[in-house]
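Reader: Please take one part of this model and go through it closely. I would like to know what it touches and how open it is, and then how other parts of the chain are arranged.

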Amino acid sequence: MNQTRKYDLYSASFRQQTHQTFAQMRADDPVFQQPGLDGQTPIWFVTGYAEVEQVLLDERHFRRDPASISPELAQKYGGTTDLQLMLNSHMLNRDGADHRRLRSLVGQAFTPKMVQSMRPRIEQIAHDLLDKAAAQGRMELVADYAFPLPITVIAELLGIPLDNQENFRLWSNAFVQPAFTPEAQQEMMLKLQAFGAYMQQLVVERRQQPGDDLLSALIHVQEAGDRLSEMELFSMLALLIVAGHETTVSLIGNATLALLQNPEARNALQADPDLIPNALEELLRYDSPVERTLTRFVAADTELGGRKLQKGDLLIAVLGSANRDESRFTEADRLDIFRRPNPHLAFGKGSHYCLGAPLARLEGEIALRTLFQRFPDLRLGIAVEELTWRNTPLFRALTHLPLTWGMRDE
Ligand code: HEM
């Protein structure tokens with residue numbers, strides 16, 4: 001039997017008033033427990049900046065891996081099937097030393113210096129995509145630009161062929177989109193199985209023919225000793241594919257929309273593109289692509305924001321709300337591309353701080369710079385009221401963003 005929720009956090013109408021809902025939660029209930037998406041499991045939603053920051057920094061009380069807390073929690077929330085182990089044995093689901101071991105294996109690939117060396121190639125990808133759009137005379141930003149750009153980059157970094165780009169989109173969607181009806185669950189299962197089979201095939205091929213890419217390097221580590229198990233190798237690959245593009249698609253979409261709706265900011269950036277890196281931080285804060293973290297488990301009884309939390313409770317930190325908290329950001333609802341300092345939490349904080357942040361920043365900067373430079377008179381192709389948001393609680397992401405440029409019809 002579903003219980004009622006005080007705050008609607010999942011419907012299409014919530015998507016039209018996301019920031020108003022969060023503002024009310026911060027004012028009345030910055031740490032609040034209500035049923036999650038299944039309508040049953042109680043989850044603490046943490047919306048205040050200070051409380052969200054505390055959750056992200058306190059790994060002793062707030063953990064990702066239920067098995068590190070108790071066998072009962074592990075049984076209830078941890079996966080045990082082969083497919084679950086293959087997809088879920090990654091760093092974002094681990095804590096402590098185990099997490100550090102996995103993270104250190106790929107950390108090298110994402111240093112700012114390594115990432116900067118990818119700049120010319122990312123610029124080329126952006127121009128190629130916009131050449132196609134220019135030839136068409138119109139663009140649906142999400143499908144034509146925001147999605148293909150990061151998926152191409154992460155695929156090239158990993159050294160995986162991009163002949164089935166559309167499949168990546170479907171698989172990755174199955175990864176992040178909750179399914180509740182038996183039909184939806186069945187469909188999700190099939191997609192994840194296909195994703196697993198694809199990764200297995202890929203690893204077999206790369207073992208036979210190693211290249212100068214991240215996947216070959218990871219296979220080498222896995223073969224060389226006990227630092228990476230086979231399941232962890234697959235999960236790492238899955239995490240990098242999914243985390244490496246889903247989020248950046250949202251960033252490019254949200255940031256473009258915000259600039260189209262804030263002409264002053266947009267004009268300033270077009271006049272001086274060197275302002276883009278600072279503006280990007282503000283765009284990440286203003287409409288944060290990762291709206292909510294993955295669920296944490298409370299490891300020992302504790303207090304948060306005046307509420308008593310018990311061992312075994314579930315908790316979600318709402319980054320998109322913390323980033324609009326007036327007690328941390330003056331005029332939090334205003335897009336201020338000159339804001340500095342800007343201690344937003346869009347990439348998380350603490351041990352799980354986004355590994356791909358330097359890459360995401362570079363992709364975001366290049367995507368916006370190239371887009372507004374190539375189409376200086378870019379504008380929305382539909383009315384704002386017609387915009388729709390993806391129905392996934394993790395992300396704040398547009399489903400479509402039709403754009404036009406050039407001569408007006410009227
Ligand atoms: C705008 C783009 C991005 C945003 C907003 C973003 C946001 C985040 C956030 C909030 C977390 C922490 C989640 C949590 O604590 O529950 C995270 C973790 C992570 N992100 Fe990103 N991300 C982005 C792009 C990327 C890219 C491009 C990659 C990889 C190429 C990536 C790889 C990862 C990985 C591997 C983790 C897990 C880190 C760990 O557990 O130590 N992300 N990201």
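Author: The model is a predicted one. Beyond its neighbours within four places in sequence, A268 is in contact with L275 and I337. The second of these partners, I337, is 69 residues away from A268 in sequence, yet the C-alpha atoms of the two are 9.0 Å apart in space. A268 itself belongs to helix α16, which runs over residues 263-271. A268 counts as partly exposed because it has 16 C-beta neighbours inside 10 Å; a buried residue would need 20 or more, and an exposed one 12 or fewer.

Helix α13, residues 214-224, can be read by its two sides. Its buried residues are L214, L215, L218, I219 and Q222. These lie on the same side of α13 because they cover an arc of only 135° around the axis. E223 and A224, on the other side of α13, are exposed. The cover over the buried residues of α13 includes α6 (96-107), α10 (148-158), α12 (182-208) and α14 (230-243).

Helix α14 also takes part in the surroundings of the ligand: α14, α15 (246-261) and α19 (357-374) each supply at least two residues of that shell. There are 25 residues around the ligand, and those that come nearest are G244, T247, G348, C354 and G356. Sorted by class, the shell has 17 nonpolar residues, seven polar and one charged.

Key:
Residues are numbered from 1 along each chain as its sequence is written. This is a predicted model: local features need pLDDT of at least 70, side-chain atom pairs count only at pLDDT 80 or more; totals for chains, interfaces and linings use all residues. Helices (H or I, at least four residues) and strands (E, at least two) are DSSP runs, numbered from the N terminus. The arc is that of the directions from the helix axis to the C-beta atoms. Two residues are in contact if their C-beta atoms, placed from the backbone, lie within 7 Å. A residue is near a molecule or strand if its C-beta atom, placed from the backbone, lies within 6 Å of it. Ala, Val, Leu, Ile, Met, Phe, Trp, Tyr, Cys and Pro count as nonpolar, Asp, Glu, Lys and Arg as charged, and the others, Gly among them, as polar.
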